[in-house]
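Work through the exercises below with the sequence and the model open. Each task is followed by a solution in steps.

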Amino acid sequence: MRPKFQFHPTSQAPKPALNATAYDITPHHYHYTHFEQSDTHSTFTMPAYHSVFLDEPKQQLIGNFALLPLRTRTRGPAQQLPALAGVTELDIEPSNESYDPLDEVLSLFRANTFFRNFEIKGPADRVLIYGILYVSEALSKIKPGTSRRDAEKAVMNSALDTNFAIPGDAGFPLNQMFEPPRDRNEAEVLRQYIMQMRQELAVRLLNRVYSDPSGLPSKWWLSFQKRKFMGKAL
């Protein structure tokens, strides 16, 4: 059973000091407020958000990475969740049976990228971490003013590339936090699952970045291109 979120409504959020700028950067089912005080350069932040899937029962694990069910048409080892019904991927709530870890990644991406430290509380948090780092990589492929067609080509080429590091590989940036697969078979299953994640995240990210009828990428999303969650990059 997924835990309920605990958050304070915007009306109860701490008020910024004089000359401070506040950013409310999470969707309506989360609340996060970030303050930057211009005269002292100090920063006030709420704790980073963790996965709501931490207590999901009967998780399939490879190493300490959870292979959680996904809502995707991409072929792979992930258990399939029901298709969306009555909601869109932009307004789905965590309580919905079709809500998956990739919805969560995109919901928490902009809030969590402010954090250089993140306490991992379970395998589902590692899915969240990898997803956020991949979204950062995909977002870096989109330049201001790029048409959706050109952005799709660049982002999907990245998503379809099979030459990426997984836990245990020398080039994987988080090996100190991720256990490697036990054997070649597990490594292949994990690679296929991560490929599903990457391809589905690429599609959903493009839908968000290009949600404006103008056909131009969202400046709001692109403003997060230089942020590095945990100071890491894939």
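**Exercise 1. State the burial of Phe172 and Phe178, then classify their ring pair.**

Step 1. Phe172 and Phe178 are both buried, where buried means under 20% relative accessible area, exposed over 50% and partly exposed in between (1.4 Å probe, protein chains only).

Step 2. Rings of Phe, Tyr and Trp (its six-membered ring) pair if their centres lie within 6.5 Å; planes under 30 degrees apart are stacked, over 60 edge-to-face, and the rest tilted. Phe65 and Tyr193, also both buried, serve as a second case.

Step 3. For Phe172 and Phe178 the centres are 5.3 Å apart and the planes stand at 70 degrees, so the pair is edge-to-face.

Before going on, note the conventions. The model is predicted: local features need pLDDT of at least 70 and side-chain atom pairs pLDDT 80 or more, while totals for chains, interfaces and linings use all residues. Residues are numbered from 1 along each chain as its sequence is written, and side-chain values use heavy atoms, without hydrogens and water.

**Exercise 2. Place the ring pairs in the chain.**

Step 1. The count of aromatic pairs comes to nine. In one of them, Phe65 and Tyr193, the centres are 6.2 Å apart and the planes at 80 degrees, so this pair is edge-to-face.

Step 2. Phe65 belongs to strand β5 and Tyr193 to helix α4, 128 residues apart, and their pair links distant parts of the chain. Helices (H or I, at least four residues) and strands (E, at least two) are DSSP runs numbered from the N terminus.

Step 3. Ring pairs join Phe65, Tyr130, Phe172, Phe178 and Tyr193 into a cluster.

Step 4. Look for charges over rings, meaning NZ of Lys or CZ of Arg within 6 Å of the ring centre and within 35 degrees of the ring normal. The charged end of Arg126 sits over the ring of Phe178, 6.0 Å from its centre, and that of Arg110 sits over the ring of Trp221 at 4.5 Å.

**Exercise 3. Describe the surroundings of helix α1.**

Step 1. Helix α1 spans residues 101-112, and twelve of its twelve residues are buried. Among them are Asp103, Glu104 and Arg110.

Step 2. These buried residues pack against α2 (123-139), α4 (184-209) and α5.

Step 3. At the start of α1, a side-chain oxygen of Asp100 comes to within 3.0 Å of the backbone nitrogen of Leu102.

**Exercise 4. Which residues have the most contacts inside the largest nonpolar core?**

Step 1. A nonpolar core is a set of buried Ala, Val, Leu, Ile, Met, Phe, Trp, Tyr and Cys residues joined through side-chain atoms within 4.5 Å.

Step 2. The largest core has 58 residues, and Phe65, Leu139 and Ile142 have the most contacts inside it. Elements giving two or more residues to this core are β5 (65-66), α1, α2, α3 (148-160), α4 and α5. The greatest contribution, eleven residues, comes from α2.

Step 3. Contact means heavy atoms within 4.5 Å. Leaving out residues up to four places away in sequence, Ile142 touches Ala151, Val155, Leu206, Val209, Tyr210, Pro217, Leu222 and Gln225.

**Exercise 5. Is Glu186 buried or exposed, and what does its side chain meet?**

Step 1. Glu186, in helix α4, is buried, with a relative accessible area of 12%.

Step 2. Its side chain makes a polar contact with the side chain of Arg182 at 2.7 Å. A polar contact is a pair of N or O atoms within 3.5 Å; within protein, one must be able to donate a hydrogen and the other to accept it, and residues adjacent in sequence count only if both atoms are side-chain atoms.

Step 3. Apart from neighbours within four places in sequence, Glu186 is in contact with Ile62, Gly63 and Pro181.

**Exercise 6. Compare the settings of Lys58 and Met230.**

Step 1. Most residues other than glycine have a negative phi. Phi is positive at Lys58, near 55 degrees, and at Met230, about 60 degrees.

Step 2. Lys58 is in the loop between β3 (42-44) and β4 (61-62), whereas Met230 lies in the segment after α5 (219-222).

Step 3. Lys58 is exposed, with a relative accessible area of 86%; Met230 is buried, at 9%.
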